[in-house]
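Thanks for sharing this one. Here are a few notes to read alongside the structure.

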Amino acid sequence: RDRSAALAAMVLVSPMAASAALWQAEEAALAGRITPEHQLEAARLREAPGLREGDTAAIAALLRHSFRLQFHDPARSAELTLFVPSDYLERSRQFGYMMPDLAAYDFHDDLAAEGAPVLLIFGEDEPGGDLGGVALEEALPDATLVRIPGTGHFSFMEAQDAFLARVRDFLEAR
């Protein structure tokens, strides 16, 4: 079946790697950014009152801190608006059940059938662009990989004008 008939174009912003091996490599690259200070703050936040009971403010503080590593300018993580559902801890537990399946996936061969033009956007400082992004560009028949300078995973926040210009240019060309 020709899936491209239903899809004119696709924009993927910092997508997850299409294989477990690349996803794990991206995670290792991010782990390499962890400083002793970052670890101490994370430990402090994990001990926050209410975290184990699912206090959404405590969970949001821990998430915001963990996302600091994914910004070009870590201070910008304070600008994140996070929605933490009241059942976040249960959802996280359920997600944990998927980990064995996530240990060995690889969708690269399946992507060759995607005929729609694809824009892949990554931040310049985002390990995913060098690893999973390059592999996605190679696997998708009509893909363009764009790296937004001076940004990390949240390029749409850190360089909103440049991000929107790239998306607009891509979509208008279709």
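**Notes on charge pairs, cores and one loop residue**

1. Glu90 is a good place to begin: its relative accessibility is 35%, so the residue counts as partly exposed. Please keep in mind throughout that this is a predicted model.

2. What does Glu90 pair with? Its partner is Arg93, in a salt bridge whose closest N and O atoms are 2.7 Å apart. Both residues belong to helix 4 (residues 88-96), where they sit three residues apart, or about one turn of the helix. Arg93 has a relative accessibility of 41% and is therefore partly exposed as well.

3. A second pair you may like to look at is Asp87 with Arg91, a salt bridge with 2.8 Å between the closest N and O atoms. Asp87 counts as partly exposed because its relative accessibility, 33%, falls between the 20% and 50% cut-offs.

4. Then there is Glu79, whose side chain meets that of Arg76 in a salt bridge (2.7 Å, N to O). With a relative accessible area of 45%, Glu79 is again partly exposed. How many salt bridges are there in total? The count comes to six. As a general reminder, side chains of opposite charge can pair when their charged atoms come close.

5. Turning to the interior, which residues form the largest nonpolar core? There are nine of them: Ala9, Leu119, Ile121, Val146, Ile148, Ala159, Phe163, Val167 and Phe170. Two or more of these residues come from each of strand 2 (118-123), strand 3 (143-148) and helix 9 (160-172). Helix 9 is the biggest contributor, giving three residues.

6. Val167 deserves a click in the viewer. Leaving aside residues up to four places away in sequence, Val167 touches Val11, Leu119 and Ile121. Another core lies apart from the largest one; this other core has seven residues, including Val118, Leu120, Phe122 and Leu136.

7. Finally, a backbone detail: where does Ser14 lie? You will find Ser14 in the loop between strand 1 (10-13) and helix 1 (20-31). Its phi is near 50°, a positive value in a residue other than glycine. Is Ser14 buried or exposed? Ser14 counts as buried, because its relative accessibility is 10%, and the cut-off for buried is under 20%.

Notes:
Residues are numbered from 1 along each chain as its sequence is written. This is a predicted model: local features need pLDDT of at least 70, side-chain atom pairs count only at pLDDT 80 or more; totals for chains, interfaces and linings use all residues. Side-chain values use heavy atoms; hydrogens and water are left out. A nonpolar core is a set of buried Ala, Val, Leu, Ile, Met, Phe, Trp, Tyr and Cys residues joined through side-chain atoms within 4.5 Å. Buried means under 20% relative accessible area, exposed over 50%, partly exposed in between (1.4 Å probe, protein chains only). Helices (H or I, at least four residues) and strands (E, at least two) are DSSP runs, numbered from the N terminus. Contact means heavy atoms within 4.5 Å. A salt bridge is a side-chain nitrogen of Lys or Arg within 4 Å of a carboxyl oxygen of Asp or Glu.
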